[in-house]
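Below are some short notes to read beside the model. They go point by point, beginning with a single residue and ending with the rings.

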Amino acid sequence: MCNYTYVAKLIPWDLLEENAQNYLPIEMKIHLMAIITKLKDITGSIMDLGKKWIENTVILVEACLDKTWETLNSGYWQSVPIEYRYCYSLCTILKVVLLEVQNDSDIKEPMQNVSLLQKMIQQIDRGILLGAPLPNMSDLLPKIASKLNNDCSTEAVASKKLIINSDNLSDSVLPGFTEIAHYNQPSMELFYREIFMPKVPALLKDCIKHWKALERWQDLNYLSKVAGNRTVPIEIGSRYTDEDWSQQLLNFSEFLQKHVLEKTDKVGYLAQHQLFNQVPELKDDFMVPEYCNFTDNDDEVEPPDINAWFGPGGTVSPLHFDPKNNFLCQVFGYKRVILYHPEDTAYLYPYDTRLLNNTAQVDPLNPDYKKWPNFTKAKGWMCYLKPGNMLYIPPKWWHHVTALTPSFSISFWWN
């Protein structure tokens with residue numbers, strides 16, 4: 001007998017049972033309800049579940065995960081019924097509890113079983129990335145992963161802060177481009193009147209100088225301690241329009257070592273990822289800009305979508321547009337941003353495919369005028385993003401972003 005309560009005590013089993021009853025696909029519910037009922041009985045008790053039952057249940061839960069994964073990866077992601085994403089999240093929770101049970105470990109001394117903890121964290125992260133937050137317990141998976149990560153040691157990846165040399169970087173406006181207007185800590189009224197309402201791009205300075213992230217996140221050991229054991233999606237290749245572009249799930253510390261600290265043949269980019277929902281501890285290091293309280297409609301203001309953009313020098317976001325207001329805030333490193341007005345869309349030759357219809361075929365830094373002759377009619381704007389700067393990008397303004405050094409940016413998208 002063994003007391004399997006480390007992870008089980010973190011789970012509100014009655015709510016989990018309710019979610020399984022109300023939100024799972026019927027073919028999954030039949031198998032999973034009985035498992036939940038039995039596993040919730042182990043909380044705070046000493047009981048023998050039986051080796052055979054554990055082995056069979058692990059196989060059953062893994063089969064449900066595999067079947068759900070197949071459904072999630074069939075067709076367009078947005079077309080997958082939400083109950084299958086709920087199912088993946090719930091199965092992930094069960095799998096982690098079973099991992100603890102199967103390894104016959106109390107984990108009261110977590111440093112003695114680091115490999116098991118890492119395996120459990122990896123499984124939880126897959127649930128966060130592929131599943132959907134369960135109703136009435138939306139923060140459960142991040143809470144479990146954070147607890148496990150805190151108890152799991154991570155090897156130091158660097159002895160010093162990340163040093164970024166900007167001595168040889170030029171901040172001159174490239175020929176043929178117009179410099180974006182700069183503002184130093186504009187008032188809310190000025191921002192609304194001169195920037196937000198007219199929908200013009202603007203570079204704002206000294207608005208986020210109070211963020212702890214500006215100093216803390218250059219210390220890769222700090223990032224590794226907070227998120228080192230977490231699994232994150234990494235884009236492999238300098239830009240997503242390249243034929244050899246791909247995505248991989250990597251351990252965050254492995255990403256730091258292979259793609260930030262070392263030079264590799266393939267650029268690795270943690271791009272457009274909701275890292276701060278996955279690792280909420282990092283939210284303490286920055287704040288949502290107050291300017292995001294302005295809205296383009298009469299509806300109640302909703303929290304912005306917050307994404308992380310972290311990678312080495314050389315990452316490129318091809319010329320594209322987003323449908324929402326956007327603040328691109330630079331935590332560390334340097335980027336060059338080129339923009340075009342929505343009225344120039346026809347001159348930028350957008351792809352005609354469903355997945356890339358917001359992306360231009362033209363490379364503004366190396367245009368092929370024979371192939372794209374009307375691009376000569378487009379008027380380009382540009383700026384350099386430096387640490388502590390934030391760039392307002394209005395809805396549907398085209399933008400091309402190049403990291404000139406290792407760089408960490410946060411974007412805030414809102415209506």
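1. In which helix does Thr-92 lie? Thr-92 lies in helix H4. The model is a predicted one, and the points below should be read as descriptions of that prediction. Thr-92 has a relative accessible area of 0%, and since buried means under 20%, this residue counts as buried.

2. What does Thr-92 touch, once its neighbours within four places in sequence are left aside? Its contacts are Leu-65, Gln-123, Ile-124, Gly-127 and Leu-141.

3. Helix H4, residues 82-102, also takes part in the packing of helix H1: the buried residues of H1 pack against H4 and against helix H2 (26-40). Helix H1 covers residues 13-23, and its buried residues are Trp-13, Leu-16, Glu-17, Asn-19 and Ala-20. Viewed down the axis of H1, these residues fall within an arc of 160 degrees, so they line one face of the helix.

4. The model has an open sheet of nine strands, with mixed pairing and the order S2-S3-S12-S9-S14-S7-S6-S4-S5. Why is one side of S2 and of S5 left without a neighbour in the sheet? Strand S2 (182-184) and strand S5 (246-251) stand at the edges and each has a single partner strand, so nothing in the sheet flanks the other side. From one strand to the next, the twist averages 25 degrees.

5. At the S2 edge, strand S2 pairs with strand S3 (residues 202-205) in the parallel sense, over three bridges. One residue pairing can be named: His-182 has Leu-203 in S3 as its bridge partner.

6. Helix H10, residues 252-261, packs on the sheet. It touches strands S4 (231-236), S5, S6 (268-273) and S7 (305-311), and its direction makes about 120 degrees with that of S5.

7. Turning to the rings, a search of the whole structure finds 33 aromatic pairs. One of them joins Phe-191 and Tyr-392 edge-to-face, at 5.6 Å centre to centre and with 80 degrees between the planes. This pair links distant parts of the chain, with Phe-191 in helix H7 (residues 188-196) and Tyr-392 in strand S12 (residues 390-393), 201 residues apart. Both Phe-191 and Tyr-392 are buried.

8. Ring pairs also build a cluster, which holds Trp-211, Trp-217, Phe-252, Phe-255, Phe-276, Phe-286, Phe-310, Phe-332, Phe-408 and Phe-412.

9. A last item concerns a charge and a ring: Lys-199 lies over the face of Phe-196, at 3.6 Å from the ring centre.

Definitions and conventions: Residues are numbered from 1 along each chain as its sequence is written. This is a predicted model: local features need pLDDT of at least 70, side-chain atom pairs count only at pLDDT 80 or more; totals for chains, interfaces and linings use all residues. Side-chain values use heavy atoms; hydrogens and water are left out. Rings of Phe, Tyr and Trp (its six-membered ring) pair if their centres lie within 6.5 Å; planes under 30 degrees apart count as stacked, over 60 as edge-to-face and the rest as tilted. Helices (H or I, at least four residues) and strands (E, at least two) are DSSP runs, numbered from the N terminus. Buried means under 20% relative accessible area, exposed over 50%, partly exposed in between (1.4 Å probe, protein chains only). A charge sits over a ring if NZ of Lys or CZ of Arg is within 6 Å of the ring centre and within 35 degrees of the ring normal. Two strands pair if DSSP finds at least two bridges between them. Axes are lines fitted to C-alpha atoms, for helices over the stretch in contact, and angles run from 0 to 180 degrees between N-to-C directions. Contact means heavy atoms within 4.5 Å. The arc is that of the directions from the helix axis to the C-beta atoms.
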